[in-house]
Amino acid sequence: MKARVHVSLKTGVLDPQGKAIGNALASLGFTGIGEVRQGKLIEIEIEGSDKAAAQAKVEKMCQELLANPVIENYTIELE
Amino acid sequence: MKAAVIIFPGSNRERDVCTALKRASGKDPAIVWHGDTELPAADLIVLPGGFAYGDYLRCGAMAAHSPIMREVKARAAKGTPVLGICNGFQVLTEAGMLPGALLANRTLSFVCRDVYLRVETSQTMFTCGYETGQAIRVPVAHGEGNYTADPATLDRLEGEGRVAFRYCSAEGELTDEGNFNGSARSIAGILNETRTVLGMMPHPENVTDPLLGGTDGQGLFDGIVSALQ
């Protein structure tokens, strides 16, 4: 089973990288772009087929290491 | 005063801080590897600057979970003072020993130059070598030093006198230009609840020798030594 963890900066937390990407897109001529936010995607292979157990395990990983709750949100996808 | 300096893979300012500590205390600090699980007896623990674990995931995130940090936390809980400089500050926030987090500088650039700091309180074992309100010139060298915390945490830090240093102008005024990295409320260094853990982004250890351009950092190390003797 594969877990995909999306980590993104919380709303309101300054994202200078997202801002720089937005500026670069505008300078390339792309129009109609609102705010750009940059995040991370972490893929983890999980052994076994128990989805609930995997969800709980990845949740714990997020809380302990993968995301910093002070500045980041995360979502978990299992497939 | 005997210090222990923790080295993580990627630390690079340990020699600088050891030199500053030796100059102030007359004793060579013990060097402790991050993979160790035991700390020697120490009056002060220092987490030096650098790029521990290559700043993977988030600055300080990996180092915060390295084996020695369990012991560092245990000693800190018993009252042993801990000083985290630059990457060391990032490690302390990631380890939950100080509140808030350090984001990318607002300009997105790595800034390596001298800046001015205002000493916000001399009522700590780390800052007792300075006067409250004194402006000192100290170098910074970081890409992620933009301090952030929620407004309630910032209010608490200010209300409890736990802001140790703020970025300022040469005259000690809080200006937008002086706050080069965009830190919330110009914060450059903070203390924990018991005022025994200090994290700061600038490098006082690099201005303790006139040959290297200044001695404004000496007060921090002299202050620590006098407070611990």
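Q: Two strands pair if DSSP finds at least two bridges between them. In this predicted model, how many bridges join strand 4 of chain B to strand 11 of chain B?
A: Strand 4 covers residues 82-85 and runs parallel to strand 11. One of the facing pairs is B:Val82 opposite B:Val197. The number of bridges joining strand 4 to strand 11 is four.

Q: Which residue in the turn between strand 10 and strand 11 of chain B has a positive phi?
A: Strand 10 (residues 187-191) and strand 11 pair in the antiparallel sense over three bridges, with B:Leu191 standing opposite B:Leu198. The two strands form a hairpin with five residues between them. In that turn, the residue with a positive phi, about 60 degrees, is B:Arg195.

Q: Are the faces of strand 11 of chain B covered or uncovered?
A: Side chains in a regular strand alternate between the two faces of the sheet, so each face deserves its own look. On one side of strand 11 are B:Val197 and B:Gly199, and on the other B:Leu198 and B:Met200. As these four residues are buried, both faces are covered.

Q: Is B:Thr208 buried or exposed?
A: B:Thr208 lies in the loop between strand 11 and helix 5 of chain B. Its contacts include B:Ala20, B:Arg23 and B:Phe221, and its side chain reaches the backbone oxygen of B:Glu205 at 3.3 Å. Buried means under 20% relative accessible area. At 6% relative accessibility, B:Thr208 therefore counts as buried.

Q: Which residue offers its backbone nitrogen 2.9 Å from a polar side-chain atom of B:Thr132?
A: B:Thr132 sits in the loop between strand 6 and strand 7 of chain B and is partly exposed at 49% relative accessibility. Among the residues B:Thr132 touches are B:Val119, B:Glu120 and B:Thr121. The backbone nitrogen 2.9 Å from its side chain belongs to B:Ser122.

Q: Which three residues supply more of the area that chain A buries against chain B than any other three?
A: The contact takes 16 residues from chain A and 15 residues from chain B. Together the chains bury about 1,100 Å², with 71% of it on carbon and sulfur atoms. Of the area that chain A buries, 39% comes from A:Pro16, A:Leu65 and A:Asn68.

Q: How many of the residues on the side of chain A that touches chain B are nonpolar?
A: The rule finds five residue pairs in polar contact across this interface. Helix 1, strand 2 and helix 2 of chain A each give two or more residues to the side that touches chain B. That side has two polar and three charged residues, while the nonpolar count is 11.

Q: Which residue of chain B forms a salt bridge with A:Glu72?
A: A:Glu72 is buried, with a relative accessible area of 8%. Across the interface the rule finds one salt bridge. There, the closest N and O atoms are 3.6 Å apart, and the partner of A:Glu72 is B:Arg58.

Q: Which residue within chain A also meets A:Glu72 in a salt bridge?
A: The closest N to O distance in this second pair is 3.4 Å, between A:Glu72 and A:Lys40. As the partners lie in strand 3 and strand 2 of chain A, the pair ties together parts that are 32 residues apart in sequence. The partner, partly exposed at 30% relative accessibility, is A:Lys40.

Technical notes
Residues are numbered from 1 along each chain as its sequence is written. Chains are lettered from A and ligands numbered from 1 in the order in which they are written. This is a predicted model: local features need pLDDT of at least 70, side-chain atom pairs count only at pLDDT 80 or more; totals for chains, interfaces and linings use all residues. Side-chain values use heavy atoms; hydrogens and water are left out. Contact means heavy atoms within 4.5 Å. Buried area is the accessible area (1.4 Å probe) that two parts lose on being put together, summed over both. A salt bridge is a side-chain nitrogen of Lys or Arg within 4 Å of a carboxyl oxygen of Asp or Glu. A polar contact is a pair of N or O atoms within 3.5 Å; within protein, one must be able to donate a hydrogen and the other to accept it, and residues adjacent in sequence count only if both atoms are side-chain atoms. Ala, Val, Leu, Ile, Met, Phe, Trp, Tyr, Cys and Pro count as nonpolar, Asp, Glu, Lys and Arg as charged, and the others, Gly among them, as polar. Buried means under 20% relative accessible area, exposed over 50%, partly exposed in between (1.4 Å probe, protein chains only). Lists of a residue's contacts leave out its neighbours within four places in sequence.
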